[in-house]
Amino acid sequence: MIRPITVGIDGSPESLAAADWAARDAQHRTLPLHLVHAWIWRPHDVPVAQDLDTQKQWALHMLREAEEELRGRHPELTVSTEQVSDSAAEVLLGQAEKARMLVLGSTGHGALAGFLLGSVGQQVLARANSPVVMVRANARSAAKHDGGEVVVGLDDLGDPATALLEFAFDAAAARRTALRIAHAPNLPPLYGYGPVVGRLASQEGGITGQAEKALSDALTPWREKYPQVPVAHTVDLARPSGVVLKAAARAGLVVVGRRVHRPALGMRIGPVAHAVLHHAAAPVAVVPHD
């Protein structure tokens, strides 16, 4: 079964920006686009029947208008719509299970303020089992990030890197653009104390040289699988979030990871994903991994 790119849409500029970005990405990948609107009717000062009907008609009109606009811009794109009566977060999490990726809109005020994540976005990002892409509202008018390279942030080159590299290489291949790996290697605990520093630094190539070699080895099978994707990389021992954000200055898409199983305390999406979501100008894909 072909899994679509699914967008949560509520008529806001943010969700329309997300739908516009998702339509272009779906066309790059030759995938269908699915627009989803979640609602729980809450009548207030008008009779229940009238309020339900008014809200339903508005939602149907909003979905139909968005669908028609996207079909007009992308006549070859397969577009479907769906309304589901449930809380937005639960609907979107259910849709993510069936989608290649879920795309949501997020308000931003300039490159420094970045994303302002609502409660729904936070819940979905923390719990989704599929990649979630957050798109800022101002991306809709200019589509200025379409031609930029894909940037993926890596710290661990073990199993967690597999999901991120698969998504990032696939995205770069679909968009026919370059891929940049921003690698901030995990350093031993208590780095800077005791003999650990001396032992690592004295080995051939030093700490950075060893990280460069480990990254090159990890990328070999992916370069062979995606020979059409130009690959560049940055290895930096600085704070991982800063390394990724520096590499993402002109990115078209930034890819970061989120551990599925995290401690009960602390950030549910991790410090790197949190920082990139709040400060990157480009759309950000959060890819869950073990």
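These notebook entries record what I looked up in the structure.

**Entry 1: the whole chain.** I began with the model itself, which is predicted. I counted eleven helices and eleven strands in the protein. I then took the burial of its 290 residues and found that 44% are buried. For the accessible surface I obtained about 14300 Å², with 54% of it belonging to carbon and sulfur atoms. I also looked at contacts between residues at least 6 apart in sequence, and 78% of these join residues at least 24 apart.

**Entry 2: helix H9.** I turned to H9, which covers residues 206-225. Its 20 residues reach 30 Å from the first C-alpha to the last, close to the 28 Å expected at 1.5 Å a residue. Where does H9 bend? I located a bend of about 35° at Leu219, and Pro221 follows within four residues. I listed the buried residues of the helix as Gly206, Ile207, Ala211, Leu215, Leu219 and Trp222. Leu219 is thus both the site of the bend and one of the buried positions.

**Entry 3: the aromatic rings.** I searched for aromatic pairs and found two. Phe169 and Trp222 form a stacked pair, with 5.9 Å between the centres and 20° between the planes. Phe169 lies in helix H7 (residues 159-175) and Trp222 in helix H9, so this pair ties together parts that are 53 residues apart in sequence. I noted a relative accessible area of 0% for Phe169, which is therefore buried. Trp222 has a relative accessible area of 14% and is buried because the cut-off is under 20%.

Phe169 and Tyr226 form a stacked pair as well, at 5.5 Å centre to centre and 25° between the planes. I placed Tyr226 in the loop between H9 and strand S9 (231-235), so its pairing with Phe169 in H7 ties together parts 57 residues apart in sequence. Both Phe169 and Tyr226 are buried. I recorded Phe169, Trp222 and Tyr226 as one aromatic cluster.

**Entry 4: Glu67.** I found Glu67 in helix H2 (residues 48-73). Is Glu67 buried or exposed? Its relative accessibility is 17%, so I entered Glu67 as buried. Leaving out residues up to four places away in sequence, I found that Glu67 touches Leu35, Val79 and Thr81.

**Entry 5: His278.** I closed with His278, whose place is in helix H11 (residues 271-279). A polar atom of the His278 side chain lies 2.9 Å from the backbone oxygen of His274. I also checked His278 against Ser106: the two are 172 residues apart in sequence, and their C-alpha atoms are 9.9 Å apart in space.

Technical notes: Residues numbered from 1 in each chain as written. Predicted model: local features only at pLDDT ≥ 70, side-chain atom pairs only at ≥ 80, totals over all residues. Heavy atoms only, no water. Helix = DSSP H or I, 4+ residues; strand = E, 2+ residues; numbered from the N terminus. Polar contact = N/O pair within 3.5 Å; in protein donor to acceptor, adjacent residues only side chain to side chain. Expected span 1.5 Å × (residues − 1). Bend = angle between axes of the 7 residues up to and from the residue. Buried < 20%, exposed > 50% of the residue type's maximum accessible area, 1.4 Å probe, protein only. Contact = heavy atoms within 4.5 Å. Areas by Shrake-Rupley, 256 points an atom, 1.4 Å probe, with all protein chains shown as cover. Phe/Tyr/Trp six-rings, centres within 6.5 Å; stacked < 30°, edge-to-face > 60°.
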